[in-house]
Amino acid sequence: MSIAARDVASASLLDVAAVRRDFPVLDQEINGHPLAYLDNAASYQRPTQVIDAIAHYYRHDHANVHRGVHTLSHRATEAYEGARDKVQRFINAQSRREIIFTRGTTESINLIAAALGSQLSAGDEVVITHLEHHSNIVPWQLLCESRGILLKVVPINSQGEIELDRYFDLLGPRTRLVSVAQVSNALGTVLPLQTIIAAARERDILVLVDGAQGIAHQPVDVQTLDCDFYAFSGHKMCGPTGIGVLYARESILQTLPPWQGGGDMIRTVSFSGSTWNDLPYRFEAGTPNIAGAIGLGAAIDYLENIGIQQIAEHERRLLEYGEAALADVPGLRIIGTAMEKVSVISFDIEGIHPHDLGTVLDHQGVAIRAGHHCAMPVMEFFGVAGTARASFAFYNTTGEIDQLRSAIDQAIVMFR
Ligand SMILES: Cc1ncc(COP(=O)(O)O)c(C=O)c1O
């Protein structure tokens, strides 16, 4: 049975063979082997539908948005604002005014650090967890330096889960914000957001969710989550790079000062002062990434068409299959064994540096990531400089996991 056929059989909910035909990049050989792209936590591939939407925009509709009176500018504006509506619907925000386009998760978090940070005082506290990506650590450290705020870190256990009791203990009268990942990119741990957010809200503490690794793996409803801010990146959900979203609760957004000045974010400008545009434009200074937003809208259409539940179910099967496939590799240790995980397997193999392993796997056509995954504190906790990380998307197959296993076996023969 072919790889694709076997997968259709093992995951009846999703026609993986059909899905893969939408991703031209997957259909190629690397170093004489079929490409097995298992680096999805770093960035997803894009389907033809997204590539075509961007190409169509540039071929037919490009002009600057919002300001023009001519037809192309109307079309560009309609497509750009249409993408905002799609995002609003996708995450079930109450209003389109709550959807701010950014460059990605990193910029979304930095926006809040700048805007909210300007309202914090020395001694105010921000709570994060030990699982965070650097982009949810460093912006707060910059605020520690510039405004004297204090950063509190929720510890993790040996499975890579956060210690909830310690989290509750860290919430105090000076805690202003809890900023946590939905899913750890380094380990795949799914954080208990419901509990985290409920505890913060009981104490009137704002919550920012870094949804970079959550958005494409499970349905997201910001109203049900009840978070104040939700950040994500287009390229981690089949959309373009350089585009992302900050969802922010409107009542809070109204109280925040602009974070960047320029065109589009103002209502009036004079040398005696300026006034600000309505939401969300107040937080989108300058010409935006119009094509990026349109591509993101097309990615949302694509994912919705497949169904996030189906995606989650297929990825759950891949994770199960992957963990079983690697279980008896001599000297292999899976790092991050949380009860709740998405389809990420981080591991090290005794005696083989992750970078060497990644290079040898590439010779076999297998693309994984090796290194600290922008989560150095997690690496430090587990006493490693880095890990090898295979991360699966809905277009991956069990056959590709077999290819990973066989490439690892060959690497072991080579290095031992
Ligand atoms: C959990 C998490 N947060 C934030 C980021 C940063 O995303 P971006 O580089 O798209 O801004 C990443 C990227 O890997 C991530 O995995």
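Let's start with the lining of the largest pocket, whose residues split into eight nonpolar, 14 polar and seven charged. Keep in mind that this is a predicted model. The pocket itself has a volume of about 450 Å³. Its lining counts 29 residues, and the ones closest to the centre are Ala42, His133, His235, Lys236 and Cys374. If you'd like to find it by secondary structure, look for α5 (105–115) and β16 (369–371), the elements that each give two or more residues to this lining.

Where does the largest pocket lie relative to domain 1 and domain 2? Domain 1 (3–39 + 307–415) and domain 2 (51–305) both give residues to its lining, so the pocket lies between them.

Now for the ligand. The residues around it include Thr105 and Thr106, then His133 and Ser135, and further along the chain Val183, Asn185, Asp210, Ala212 and Gln213. Ser233, His235 and Lys236 are also part of that set. Some of these names should ring a bell: His133, His235 and Lys236 are among the residues closest to the centre of the largest pocket, and they are around the ligand too.

Zoom in on the polar contacts and you can pick out a few distances. A side-chain N or O atom of His235 sits 2.7 Å from an oxygen atom of the ligand. His133 also uses a polar side-chain atom, which lies 3.4 Å from a ligand oxygen. With Thr105 it's the backbone that takes part: one of its polar backbone atoms is 3.4 Å from an oxygen atom of the ligand. How much of the ligand's exposed area does the protein bury? On its own the ligand exposes 390 Å², and the protein buries 85% of that.

Next, move on to the second largest pocket, which holds about 340 Å³ of space. It has 16 lining residues, with Ala312, Arg316, Glu340, Lys341 and Val342 nearest its centre. Six of the lining residues are nonpolar, four are polar and six are charged. Here again both domains contribute: domain 1 (3–39 + 307–415) and domain 2 (51–305) each supply at least three residues to the lining.

Last stop: the closed-off space. There is one cavity of 30 Å³ or more, and the largest cavity contains about 30 Å³ of space. Around it you'll find Asn40, Ala41, Tyr44, Gln213, His217, Val342, Val344, Ser391 and Phe392. That lining has five nonpolar and four polar residues, but no charged ones. Two of its members have come up already: Gln213 is around the ligand, and Val342 is among the residues nearest the centre of the second largest pocket.

How values were computed. Residues are numbered from 1 along each chain as its sequence is written. This is a predicted model: local features need pLDDT of at least 70, side-chain atom pairs count only at pLDDT 80 or more; totals for chains, interfaces and linings use all residues. Side-chain values use heavy atoms; hydrogens and water are left out. On a 1 Å grid over the protein atoms alone, a cavity is a set of points where a 1.4 Å probe fits but cannot get out, and a pocket is an open set with protein on both sides within 12 Å along at least five of seven lines; lining residues have an atom within 4 Å of a point. Grid points are joined across faces, edges and corners, and a volume is the space filled by probe spheres set on the points. Helices (H or I, at least four residues) and strands (E, at least two) are DSSP runs, numbered from the N terminus. Ala, Val, Leu, Ile, Met, Phe, Trp, Tyr, Cys and Pro count as nonpolar, Asp, Glu, Lys and Arg as charged, and the others, Gly among them, as polar. Domain bounds come from an automatic or database domain assignment. A residue is near a molecule or strand if one of its heavy atoms lies within 4 Å of it. A polar contact is a pair of N or O atoms within 3.5 Å; within protein, one must be able to donate a hydrogen and the other to accept it, and residues adjacent in sequence count only if both atoms are side-chain atoms. Accessible areas come from the Shrake-Rupley method with a 1.4 Å probe; for residues, only the protein chains shown count as cover.
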